[in-house]
Structures are given as structure tokens and as C-alpha cells.
Amino acid sequence: MPDAVARCLVSATASAVSPGDLAAARAQMGFSLAWHIVLACLGVGLPLLTLGVEWYGIRSGRPEYQLLARRWARAMGVLFAVGAVSGTILSFELGILWPGLMGKFGQVIGLPFALEGFAFFIEAIFLGIYLYAWDRLPPRKHLLTGVPIVVAGVASAFFVVCANAWMNQPRGFTLDHGKLTHVDPWAAMINPAAPPESVHMILAALMVTAFLTASVYAVAMLRGRRDAYHRAGFFVPFGFGAVVAPFQIAAGDWAARFLSHYQPMKLAGIEGVYHTGSHVPLTILGYPDRGELRYGLKIPDGLSLLVGYHPGTVVRGLHDVPRDQWPPVGGVHLAFDVMVGTGTFLLAMGVWLLLLRWWSRRTGTAMLTPRGTRPFLLLAALAGPGAVVALECGWSVTELGRQPWIVWGVMRVSDAVNPAPGLMAGLWVVLVVYAAMTFATVYVLRRLTRVTPVPVAPQESDVLDYPVV
Amino acid sequence: MIADVMLAVMWVGLTCYALFGGADFGAGFWDLLAGRGRRGGRRRKLIEHSIGPVWEANHVWLIFVLVMLWACFSPVFAAVLSTLYIPLTLTALGIIARGAAFAFRKASTEMWQQRLFGGCFALSSVITPLFLGAVAGGVASGRVPPGIAEGDTVTSWINPTSALGGVIAVLTCAHLAAVYLCADAVRAGDDVEAADFRRRAVASGLACGIVALAGIAVLDQDAPVLFHGLTHRALALVVVGAVAGLADVALLVRGRYVLARGAAALAVAAILWAWGVAQYPNMLVPSTTVSDTASHTSVLIASLISVGVGLLVLTPSLWLLYATFQRTPERGGPGGGRPGAGGEPGRAV
């Protein structure tokens, strides 16, 4: 009887869609990845920031840094839990949505995921110790238990990006009439896309964390709270983000030049280059129309110069491959421009911070105390969401630019999707659950910034006498 | 041969997930039935205190098993996840709701929020093992054929063996948690709760036994291959599981909680291995074997190396984790943390 009811329910929802709904699978994967990637970045960056302020707090004995460490650790506990579960969903989804990929190539890219699993394990273990043993260990020893979290966080980012890099630069296997005849998992993991992609990603994680954390305090300072606690909460992460930003621009340049060698069609999609040639301009914005990128601002010879440092450098165009192998030019190009634009904005904010510092030294006044700094703080508050926008756009460039391939040049996305009916229903359920989770996460984090007593152990709510700055 | 080693390693991982992660799920089960008012609050504190530092690490065993399955037996991973995608999606959502709600509850201060997130945590702690057990039942009863989405997306997990698997999974988790919590309550000096969890442990242990006995008839009818394996090749393990289960209940009645922990863990592990041995060498019943689905030797070796290196780093870390929270003196037990205990790092202002 329950069998019949369930069958009815499933077939009712499934009948609305064709079997093996590619669009639904794509939407679900894209949505859950886009969601997780923000949490994953915070998982890499926040431990580093927290350890930094904790270390300085211990060294200098300044209470505002000690309080910051506790508050950030508390947020870290919440964010890590949500990041861990949303990451677990992804490993389910790889099988649920893309069994074609996993059944055939699961063994080729299993290794970096296995290593990532171990790194994540270490992260979870030491996070448990770090959060819950705060008052059971002497300060320096406690600080040490945080170090593995940072190392493992960076390592797991590296491993997981290696797996994604393999999808862009598949290596380490031989196909004979569609059958895998030889597999070298190490070669698959250490593929040419892995270094530029992982460096770009890890720096992005640091920037997202830094600017997002700083923007919380920028908002508070705009509301007039310019005490030592809020100033430290703003300057530490913002300064850190400002230091990382120029490195990120360099890493991005490296990643783009990597594409011109290894994935020229992705670069052609990103830049809207249709015809192979030299003296290719760099187009800023614009819209793909009748086989050309129109209405954009063209910088003569720009792309050729960027790619090969010479205006005569040849850049390959989309017409080199059949029409059905083109990535979606409009979307990828727009995402790329937004990423670069936002990155430049973040860099400029770093420079502005330096100027403010120089000015305050020269005049002998404290930074950001006078009223005239309101425009800076307003833009600084936007830098956090801006970094997230840049992150999502950068990720879109990588993933959309790889279309229509799930494994570049080897397997199409449409050949990997689960042919079972009902994926659309799954998408709706996932959307509802994620909406609820987003709402709850934001709500809880907002509460965390306001709750006045900060418990001794960052996650234990049973101690209420912690003093507040 | 090396594929068998890898399979054994995965089964060890699955056992760890059942024993550690299972106890966390069970803790959620008891959280759901903790009751109202101050009494329920105290019980929830004990539960929260007991799993708080460890649940995240315990959860990672599942990821380990999943990743090893797809790296070393990719076709099995693809077949199981594509056919059973409905209960697995629900499992995944249960995992999300559970982990997030647990962290949210810890971070919230108001009663209604703690109730909401607590309810979410507890409910998903019951739902998740239920679906995981159903998935195991689908695989064990031979309802997942090789290939992508070749099995029935509904009857592969709504069937007698899956129902049995789901119920046993929930009851086993509940029992493990109750047994662990007995000893935790004693260590926290809470004899009332200890006696209470002992009653719950005995009841859930007996329920496991009764369902398992009834399950024999179900498997005979619904999963003949598994039944034959359990009554022949895996018989010794089944007997070990039964004896350990009886010993576990006897030890509980006599108040020997630490020993009962061991017996309960042994019983669960024995039953899990009995399933594995009964089904071996089939990865997918009735005829898809380990050698049919194993990855290339290079992949198996690489995976074993990563497991070896991983264990070298993990073992001391896990030891440190459990040692920090199991052996050091408790901070005054649940609900009564010494305010500002040793507050060296944070004497702010």
C-alpha cells in the first residue's frame, strides 16, 4: 500500500518532466555548488584570521583582539558545520546527478577527493578541539591546535580544485573504444590546470573571508561604533585582504594565460573572440550579436598583448571548432568582466587604505575617526559582498567556460546526467531546504554579532558572564 | 586481491560510521524523546555535551566511505546513487538539516529558537538513518542492478528488506547512543540520568533483538541470497552479534556501562560484517562481483597509499580529540560549566 502511494507521488511529480532532466540536474548542481563555495572559502580563510587575532591578543594582551578571536571562532563553528554538510551533499550529488561521469571516470579523479576527505577529517577533528577546549588548554597550546585547521583547510581547497582542474585538463587515462584501459591517478591529479586554478581559488578564499569579515565592522563603524574593538575588527581583515588583492590579480593573469595555451576555446568564449588572428582587441563589456561581440569598449591589440606581450600574438577564435562545442559566450564574458571589475575595485580599496594610513601618519591622527571617511567606509562595506560576487563570477567562468563538456573534449555534460525521471522534483526540494538554511544561517550569524555575553567556550551557550568591550 | 583489501578498508570505515556517527544519530533520537520542561532540558544538555565536540569528525566517516566507493568501485557507486537517488537525496537533506540545526541550536540563545532547531536536529537524526538503512536494504536484497539508473527508482527502496534495514538502523543508533550516554551520565555524576538511559538502552536493545528475529522471516522471503549467506558463510558472525547483543543487555542491567559499550559496539560491528560476508563477493546482488567493478590496480594502490598516509595523520589526531573530551575532568558536567574556568585567553576588559 505505501508502495502504491509512493509510486503515485513519484510518478505525478516525474510526469511533468522528461526523463533525465539535464536542466534540472544542472540547476541543482550549480545552485548547491554556488552556495557551498562561499562557505568553503570562509572555511579556508576564517581560521587564519581568527588565529591571527588570537595570536596578537595573547602577545599584546589587548582585550579587543581576544574578544574578536572568540567571536570569530564562534562564527567559524556555525559556518564550518553548514559548510561541512553542504559539502557532503555535493559528493552525493556527483553520483545522484552525474552517474555517467562517476561510473566511468570516478576512479580517475577519486584520489584528490580521497586526500581531500582526509584533510577535511583533520579539519573537523581540530576544529572540535579548538572550539571546545578553549578554556581547557593554556593559550599558546590552544593556539597550536588551530594551526592544523588552517593547513588542512588550504590543503583541502587544493585537492578539491585539482579534481575540478582535471575536468578542464583531463589526464592520466587512456580510452580504447570508450573503455578505460590505463589509469594513472597521480597524473590525473597533478594536471596542468591544477596550479593556476588552485592558487587563484585559495587567494579568492582569503579575499572573500577578509573583505566579508571587514564589511561587518565597516557597517558597525558607519553606525558610529568606532571603538577599539570595531576598529580592530575592521582593520585586521581589511588590511589582510588588501595585501592579498595584488597577488590575486597576478594569479588571475597567470590563469588567463594558462587558458590561451591549454583551453583556447574557453579563452575565446571569455573574450568573445570568434575568428583566429593577431592584433586581437580586449573587449570590455559588450553583447554577443550576429557572431560578434558588439557594443563593448574595445582596447586595440589588448588581448594579444595580455596573452603574449606582443600585438602580433595570435589568439584562436571560436570558429576553430564546431558550433556545438562553443561555450555560452554572453554569460561567460559578462561573468569574466564582472569578476575583473570587482577585483580591480577591491585592489583600489586596498590602495585607498594605504593612502588613508599615510595621511593619518602625516597628520598624526587616528585612522577613520573623522567624519570625512564615510565614503571609504561605505565602499568598504560593499567590498565584502563584492568579493562574493567576484568569487561566484570567477567560478561561473570556469564552469560555464567548460561547456558543453563535463570532461573537456572527452565527455559531454548531457552524457553524464542521471537518466532517471523526477530530477525536477529533487531540484525543488533542494531549493526549499537551501532557502531555509540560508535564512537560518544569516539569522544566527546576525544574532552572534549582537549577543552581548560571549560564552567562554565559543560554542557552549551555558556560560553567560563573559564581559564585553 | 588488492580490491578485497580496499573493500575491507571501506567496510572498516562503514563500521566506524555506524559506531560513531550512528551514536550521534541515536543521540538525536533521544533528544526527540527527551521530554519537556527542566527534565528534558537537562537531558538535552547531556546529549549536546556528549556529542558536541565529536559529531563533525564522526560525520566524516560517511564521506570517506562514499569517496572510496567511487574511487575504487566507480560502477557500483554510479549504479547505487542513480537508482536510489530518491532516498539518497532525502538522506543528504537529512544530513544538512541535522548538522546545520545542531550548530544553530548551539549558537542560539532564545528558547523558541532552541526548540525549533532542536526539533529539526532530532527529527533529521531519525530520518537520515531510516533512509540509509533503506538504501542498504535495497542493495542487499539485489534491487540495484549494474548500470546507470537501471533499477526501479521506487521499489528499490520501498520494499520489505529496506523497511527492515531502516527500522534496524534507527533502533541500532538509538541503542548505541543510549549505551554511550549511560557512561557519559555517570562520568558527569548524574545518576538519575544514568538510570534513565539504562532503561532506554535496555528497551532499545530488546527492540533491536525482536526486530532482528522478525527480520529473519522477512529476509527468507524477500532477500534469499542475503539470507542464504547469513545462515551459511556469515553464520559465525551472526552468532557473535547475537551473543554480544545479549551480553550487552545483561551488562547494562548490572550497571557495567563501560563494558556494555564494548559489547554493544561489537554486536553492531558483527552484524554489519555479517552482511558484508553474506553478500561477498557480490558488490551488487546477485551477480556483479568485486572483480567486475574494481578500479584499475594503479587507482587501488593510490587509494591505499592515501589511506595509509591519512591514517598516520588521523590516528593521533582522533586520539587527541577523544582524549581531550573523554579523559580530562569534565567542566562540572552538563549545564554547570564553571564560569570563566581557567579563562586565561579571554580575560577581556
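Biologist: Leaving aside its neighbours within four places in sequence, which residues is F73(B) in contact with?

Modeller: This is a predicted model. In it, F73(B) touches A3(B), L7(B), M10(B), M68(B), M283(B), V290(B), T293(B), A294(B) and S295(B).

Biologist: Which residues have the most contacts inside the largest nonpolar core?

Modeller: General idea to begin with. In soluble globular proteins, nonpolar side chains tend to be buried together. Now the case here. The largest nonpolar core has 218 residues, and W98(A), F234(A), F238(A) and F73(B) have the most contacts inside it. Helix α3(A) gives the most to this core, 21 residues. A second, separate core has 34 residues, including L267(A), V332(A), W405(A) and A302(B).

Biologist: How do I read the interface? How many residues of chain A are in contact with chain B?

Modeller: Count residues, then area, then chemistry. On chain A, 86 residues are in contact with 86 residues of chain B. The buried area is about 7,400 Å², and carbon and sulfur atoms give 73% of it. The rule finds 0 salt bridges across this interface. There are 8 residue pairs in polar contact between the two chains, both partners at pLDDT 80 or more.

Biologist: Which element gives the largest share of the side of chain A that touches chain B?

Modeller: That is α3(A), with 18 residues. By class, this side of chain A has 56 nonpolar, 19 polar and 11 charged residues.

Biologist: How many salt bridges does the structure hold over all chains?

Modeller: The total is 13. Check each pair for distance, place in sequence and exposure. R261(B) and D184(B) meet at 3.0 Å, N to O. R261(B) lies in helix α11 and D184(B) in helix α7 of chain B, so the pair ties together parts 77 residues apart in sequence. D184(B) is buried, at 8% relative accessible area.

Biologist: What separates D196(B) from R199(B) along their helix?

Modeller: Both lie in helix α8 of chain B, 3 residues apart, about one turn. Their salt bridge has its closest N and O atoms 3.1 Å apart. D196(B) is buried at 8% relative accessibility, whereas R199(B) is exposed at 55%.

Biologist: Which residues are linked in a network of salt bridges?

Modeller: D31(B), R44(B) and R105(B).

Biologist: One last residue. Is H36(A) buried or exposed?

Modeller: Buried, because its relative accessible area is 16% and the cut-off is under 20%. H36(A) sits in helix α2 of chain A. A polar atom of the H36(A) side chain lies 3.3 Å from the backbone nitrogen of G87(A). Beyond its neighbours within four places in sequence, H36(A) is in contact with G83(A), S86(A), G87(A) and L90(A).

Note on methods: Residues numbered from 1 in each chain as written. Chains lettered and ligands numbered in written order. Predicted model: local features only at pLDDT ≥ 70, side-chain atom pairs only at ≥ 80, totals over all residues. Heavy atoms only, no water. Helix = DSSP H or I, 4+ residues; strand = E, 2+ residues; numbered from the N terminus. Buried < 20%, exposed > 50% of the residue type's maximum accessible area, 1.4 Å probe, protein only. Polar contact = N/O pair within 3.5 Å; in protein donor to acceptor, adjacent residues only side chain to side chain. Contact = heavy atoms within 4.5 Å. Buried area = accessible area lost by both parts, 1.4 Å probe. Salt bridge = Lys/Arg side-chain N within 4 Å of Asp/Glu carboxyl O. Nonpolar A, V, L, I, M, F, W, Y, C, P; charged D, E, K, R; others polar. Core = buried A, V, L, I, M, F, W, Y, C linked by side-chain atoms within 4.5 Å.
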